[in-house]
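User: I'm new to this one, and the loops and their surroundings are where I get lost. Could you take me slowly through that part?

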Amino acid sequence: MWDCVYSRSFCVLSLLVLSCVCNVTGQVRYSLPEETSKGFVIGNIAEDLGIDIKRLRSGRARIVAGDNSAYVELNTDKGTLAVSERIDRELLCKQISPCSFTLEMILEKPIELYEVTIEIVDINDHSPSFSKEEISIEIRENALQGARFGLDSAHDPDVGVYAITSYSLKPTDNFVLKYETHSDGSTNIEMMLQEPLDREKKEHFALVLTASDGGNPPKTGSMKINIIVLDVNDNAPVFTKKRYKASVAENATAGTFIIKVSASDADKGSNGEVMYMLRDMQEGLFKISEISGDIILASGILDYETAKKYELKVEAKDHGGHKDTCVVIIEVIDVNDNTPVISLTSFTNPLSENAPIGTTIAVINVKDIDSGVNGQVSCTMDKNTPFVIKSSLRNYYTLLTDQTLDREIHHEFNITIIATDEGSPPLSTTKTINLRISDVNDNSPVFEQTTYTAAVFENNSPGVSLFTVRAIDVDCCQNSRVSYLLENTQVNGAPASSLVSINAESGVIYAVRSFDYEQLRRFDIKVRAQDGGSPPLSGNATVQIIIQDQNDNAPQVLYPVQTSGSVVAEIVPRSADIGYLVTKVVAVDVDSGQNAWLSYKLQKAADRALFEVGAQNGEIRTVRQVTDKDAVKQKLTVIVEDNGQPSRSAVVHVNVAVADSFPEVLSEFTDFTHSKDYSDNLTFYLVVALAAVSFLFISCLTVIISIQVYRWRKSRNFYQSSLPVIPYYPPHYADTGGAGTLQRVYNYEVCMTTDSRNSDLKCVRPGSQSIISLDSGGTLTLPLPPREKPMFDDTQVRSLSNSFTYFCT
Ligand SMILES: *[C@@H]1O[C@H](CO)[C@@H](O)[C@H](O)[C@H]1NC(C)=O
Ligand SMILES: *[C@@H]1O[C@H](CO)[C@@H](O)[C@H](O)[C@H]1NC(C)=O
Ligand SMILES: *[C@@H]1O[C@H](CO)[C@@H](O)[C@H](O)[C@H]1NC(C)=O
């Protein structure tokens, strides 16, 4: 219907055109929409040209010329022109508008040429289309506002109103579309940046560009535009925290991980790469990994006691030079790595052994530079000592005595003090202090025995050592230095010091003089040992000295009395029987024991001896009858011998008269009598001697008394002096400075009686003191000339009684 109306209007127009063509019989023009289906009747050409149908047939009408004649066909029967093939205007004419083609229809008989123009009218059969469905555009995020980006235009083969009329872009948040159509029909489409981009906010944009044509309804075509925002390093790294806190033990080794810091950079790729570094390097203590941000300990020399806290400044930087900093606070954790230190603040050493219980010996200070419980120290010591340790102030301890001390048991102590802290594990220190105990004179010297017995043979040489006493003092040093003294006791009225002396240092007891068993058989002395303490202490002991006998006395004949002047004879009557007791020799020996055991014998017996002597009793008896041949005057020599080793003997002469009457005896013995002169002289000498003795005796007594008084006063002075102790020597000993006893020079005075009958006085006398030797037998020794020795060598004073010797000392 529509087509029909349409074609009619064209027909009218065609007729007008045809009238102007000269060599063409007729012209007709048709307008035809494209894309009509096959067989679509374009128009009734016969009618439009005014040609009869029959004529068409007879004229064998046909379309002869025209490139596009294939599109149409002529129906001669109906006189119509129809579409024989689909006509696409865009194919036929491209963009040329209007689009038409011309056909020629020829008739024969007569030949007639008709021109048929067929115009193809466009229909909106194409949508706008883009050459690409999707494009990508990369834009740096820092692109300026107003930047333009060219886009491809769309294409629509339709023409005229059906061509592209408008474009649109969606969404329009950041971009707006700018386009202009030039006179040549080309279109310039641009996209303009309106709002700045930020990759960090939005990295991708998906836009759609739509092209619309002018159809009704319009047809559209669209293209996706992917916009990729390219990163620009426009962001600095940012630490996740401004302050980090971490802790590390002070004994951590190098390489210990401490903390990881991290900064983020919103940029992408290499722009977002962050490098970490420490700003103020703390003596190289810490290291940071440039890439990971791990902070580790560079060297394991942390010391809580030196630094408790470190503050590091860490910088994060990207490749564009953007930076951020943060602070890392690293706290050092204390580890119990310091042992306590013990120091003595005061120390009393040595300590006196009489220190009372509770005496402070030492003040001890303990220190531990660790903190907290690691630095809390307690002090202990071993229990088995007489000491205790007490805490006085914080970190101060005092060491006190807990028991009484005795240097004689323990002279030193090693006190071990242990200081332990409360760390885990605890650390401890020990300190040993060596305490010496000083001596106090609390022990007296003690003799090894309370009573000693020493024996010595008489006639000992003066100065011989008799015995050694020893006392021990368990104290120390000066307090144990023992000196020996002789107590001032009396022996038979004489001071003990006149008999013995003692070496103050060695305790050796020496005889001062030679002892005589016959005068003194034993005596006791008291010795004292005194130490060097202040005040000194002493101990004592008794020494009994026993003098042993020696055979130093020869037997003495008591009867018959031997005189030099008179002759005594025993008378034996001639008629005496065998065994007649003539006389008895009586002898004694002042020695004792064997030394005093006497035996008698005749010195030389004649062939036919008339007498014999009883070996045990000394009785002289006849052994035969007296004969006439026997002389009147018989002289017997009897030897009295003791049993000592060696033995000593005495000889006694016994005159025997064998007679019956006294006159006979007398006549025989006249030669025995002494002259009267001799006898008178003797009497005179005796008187003189007696007077002299009496005088000397009195003088001597006076001297003795004076000396005794002087000595008493001197010894009093000596014993009164208390300090210091001076080794004691008998007053007559002079110490010549020699330390040893043997070097001492003893000045002694000795008189020895070697024989009781022959009183040999041997006096050695270096000084000028007087010795008076008084012999009861009447021999007088006068004061001696000085420095003369020996004085009485071989001077024999014959006496019947023992000699008495006085020593003026
Ligand atoms: C640090 O000290 C603690 C406690 O004393 C101990 O357990 C740890 O093993 C020590 N570490 C090192 C590395 O010595
Ligand atoms: C104390 O220690 C010292 C030195 O180590 C040692 O010579 C001494 O014998 C010790 N004393 C005691 C009583 O242990
Ligand atoms: C001698 O020692 C005893 C104890 O051993 C003492 O009783 C006495 O008094 C002492 N004698 C002297 C004279 O010191």
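Analyst:
**Loops and what sits by them**

Pro171 is in the loop that links strand E10 (164-170) with strand E11 (175-181). Helices (H or I, at least four residues) and strands (E, at least two) are DSSP runs, numbered from the N terminus. This is a predicted model, so local features need pLDDT of at least 70 and side-chain atom pairs pLDDT 80 or more, while totals for chains, interfaces and linings use all residues. Residues count from 1 along each chain as written, chains are lettered from A and ligands numbered from 1 in written order, and side-chain values use heavy atoms, leaving out hydrogens and water.

Back to Pro171: the peptide bond that joins Lys170 to Pro171 is cis, with omega at about -10°. Now jump along the chain to Pro425, in the loop between strand E30 (412-421) and strand E31 (428-438). There, the bond from Ser424 to Pro425 is cis, and its omega is near -5°.

Pro425 is also a good way into the ligands. Together with Asn251 and Val335, Pro425 surrounds ligand 1 (a residue is near a molecule if one of its heavy atoms lies within 4 Å of it). Look at Asn251 next: an N or O atom in its side chain sits 2.3 Å from an oxygen of ligand 1, where a polar contact means a pair of N or O atoms within 3.5 Å. On its own, ligand 1 has 360 Å² of accessible area, and the protein covers 39% of that; such areas come from the Shrake-Rupley method with a 1.4 Å probe, and for residues only the protein chains shown count as cover.

Ligand 2 has Glu412, Asn414 and Asn434 around it. An N or O atom in the Glu412 side chain lies 3.0 Å from a nitrogen of ligand 2. On the Asn414 side, an N or O atom of the side chain is 2.4 Å from a ligand 2 oxygen. Alone, ligand 2 exposes 360 Å², of which the protein buries 30%.

Two other loops hold a residue with a less expected backbone angle. Arg60 isn't a glycine, yet its phi is positive, about 45°. You'll find Arg60 in the loop between helix H3 (53-58) and strand E3 (62-65). Its relative accessibility is 52%, so Arg60 counts as exposed; the cut-offs are under 20% for buried, over 50% for exposed and partly exposed in between (1.4 Å probe, protein chains only). Lys109, not a glycine either, has a positive phi of about 50°. Lys109 sits in the loop running from strand E6 (99-107) to strand E7 (112-121), and it is exposed because its relative accessible area is 63%.

Next stop is the loop between strand E35 (471-472) and strand E36 (483-486), home of Asp475. With a relative accessible area of 5%, Asp475 is buried. Its C-alpha is 7.3 Å from that of Val440, although the two are 35 residues apart along the chain.

From Asp475, move on to the cysteines. Cys476 and Cys477 are joined by a disulfide, S to S 2.2 Å (the cut-off for a pair of cysteine sulfur atoms is within 2.5 Å). A disulfide is a covalent bond between the sulfur atoms of two cysteines. Cys476 is partly exposed because its relative accessible area is 21%, and Cys477 is exposed because its value is 55%.

The structure holds 2 disulfides, and one of them links Cys93 with Cys99 at an S to S distance of 1.4 Å. That link is right-handed, with 60° about the S-S bond. Both Cys93 and Cys99 are buried. Two further cysteines to look up are Cys326, buried because its relative accessible area is 2%, and Cys379, which counts as buried because its value is 9%.

Let's finish on the surface. Leu558, Tyr559, Val561, Val586 and Val588 make a nonpolar patch of about 380 Å². Strand E43 (556-559) and strand E46 (586-588) each bring at least two residues to that patch. Tyr559 has its place in strand E43 and counts as partly exposed because its relative accessibility is 37%.

Conventions: A polar contact is a pair of N or O atoms within 3.5 Å; within protein, one must be able to donate a hydrogen and the other to accept it, and residues adjacent in sequence count only if both atoms are side-chain atoms. Patches are made of residues with over 30% relative accessible area and no salt bridge: like charges are joined within 9 Å, nonpolar side chains (Val, Leu, Ile, Met, Phe, Trp, Tyr) within 5 Å. A salt bridge is a side-chain nitrogen of Lys or Arg within 4 Å of a carboxyl oxygen of Asp or Glu.
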